[in-house]
Amino acid sequence: MKNIAVFASGRGSNFSAIVKAVKSGKLRARLSLLVCDNSKAAVLGKARKNKVRIALVKREDFSSKQEFEDGIIKNLRENKVDLIVLAGFMRILSREFVRAYSGRIINIHPALLPSFKGAHAIKDAFEYGVKVTGVTVHFVDEKTDHGPIILQDSVRIMPKDTLMALENKIHKIEHRLYPQAIGLFIKGRLKVKGRKVEILKS
Ligand code: GAR
């Protein structure tokens, strides 16, 4: 069985959706590790409750970004992690880190990439006035919010929608799409050719 590590810095609703998919047997993987960089994050309580091992790796405890990332890699190696799942991890990983786990890091982004990159995608899309936005799961490469796209799903923004209503719609999609994308990876059904990801038949 493959070992996955979720990286998260905040609330952890995607972490919970992944835990649920693993527990129900929908996702045949071992959730070996939560990597978190924020000691106040709500995701920590969720990991404790579900008995998921935690690596709390705070940037301020290391003298450089490289040492911080080496600390993370040590934890990943100790837990024989096969796949890194970024779920609201609010730090940019270095080129060296991405290379060390090339093809084995995926990210979820709350917009239809390449639109609305960055840390405030839902708000940015809402304020821009687009009528359709969505969610993207993609492989991580050396540029932020850029790598080959695995899955996307869209949502309409209705005139009556508030920002909060849109956030709720986006998160609902995320909680379905992320376990689905992780499942495809684990089954070896993702074939990357340049920018394109082919989904192989099961
Ligand atoms: C999610 O909406 C995820 O798409 C977003 O952070 C949120 C984390 O929520 N990630 C980004 O914006 C990355 N650019 P969660 O902690 O409840 O899973």
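**The ligand site and two backbone features**

Q: Which atom pairs link the ligand to Asn14?
A: In this predicted model, an oxygen atom of the ligand lies 2.9 Å from a polar side-chain atom of Asn14.

Q: And what about Gly12 and Glu174: which of their atoms are involved?
A: Gly12 contributes a polar backbone atom, 2.7 Å from an oxygen atom of the ligand. For Glu174, an N or O atom in the side chain is 2.4 Å from an oxygen atom of the ligand.

Q: How much of the ligand's accessible area does the protein cover?
A: On its own the ligand has 450 Å² of accessible area, and the protein covers 89% of that.

Q: Which pocket is that?
A: The ligand takes up the space of the largest pocket.

Q: Which elements give two or more residues to the shell?
A: Those elements are α1 (13-23), β5 (105-109) and α6 (163-186).

Q: Which residues are around the ligand, then?
A: They are Arg11, Gly12, Ser13, Asn14, Gly88, Met90, Ile108, His109, Pro110, Gly118, His171 and Glu174.

Q: How do they divide into nonpolar, polar and charged?
A: The shell has three nonpolar, seven polar and two charged residues.

Q: What does each domain give to the shell?
A: Domain 1 (1-101) and domain 2 (107-202) each supply at least three residues of the shell around the ligand.

Q: Changing topic to the backbone: is the peptide bond from Leu113 to Pro114 cis or trans?
A: That bond is cis, and its omega is near 10 degrees. Pro114 itself belongs to the loop between β5 and α5 (121-128).

Q: What is phi of Lys51, and where is Lys51 found?
A: Lys51 has a positive phi, near 55 degrees, in a residue other than glycine. Lys51 is in the loop between α2 (43-49) and β3 (54-56).

Conventions: Residues are numbered from 1 along each chain as its sequence is written. This is a predicted model: local features need pLDDT of at least 70, side-chain atom pairs count only at pLDDT 80 or more; totals for chains, interfaces and linings use all residues. Side-chain values use heavy atoms; hydrogens and water are left out. A residue is near a molecule or strand if one of its heavy atoms lies within 4 Å of it. A polar contact is a pair of N or O atoms within 3.5 Å; within protein, one must be able to donate a hydrogen and the other to accept it, and residues adjacent in sequence count only if both atoms are side-chain atoms. Accessible areas come from the Shrake-Rupley method with a 1.4 Å probe; for residues, only the protein chains shown count as cover. On a 1 Å grid over the protein atoms alone, a cavity is a set of points where a 1.4 Å probe fits but cannot get out, and a pocket is an open set with protein on both sides within 12 Å along at least five of seven lines; lining residues have an atom within 4 Å of a point. A molecule sits in a cavity or pocket if more than half of its atoms lie within 2 Å of its grid points. Helices (H or I, at least four residues) and strands (E, at least two) are DSSP runs, numbered from the N terminus. Ala, Val, Leu, Ile, Met, Phe, Trp, Tyr, Cys and Pro count as nonpolar, Asp, Glu, Lys and Arg as charged, and the others, Gly among them, as polar. Domain bounds come from an automatic or database domain assignment.
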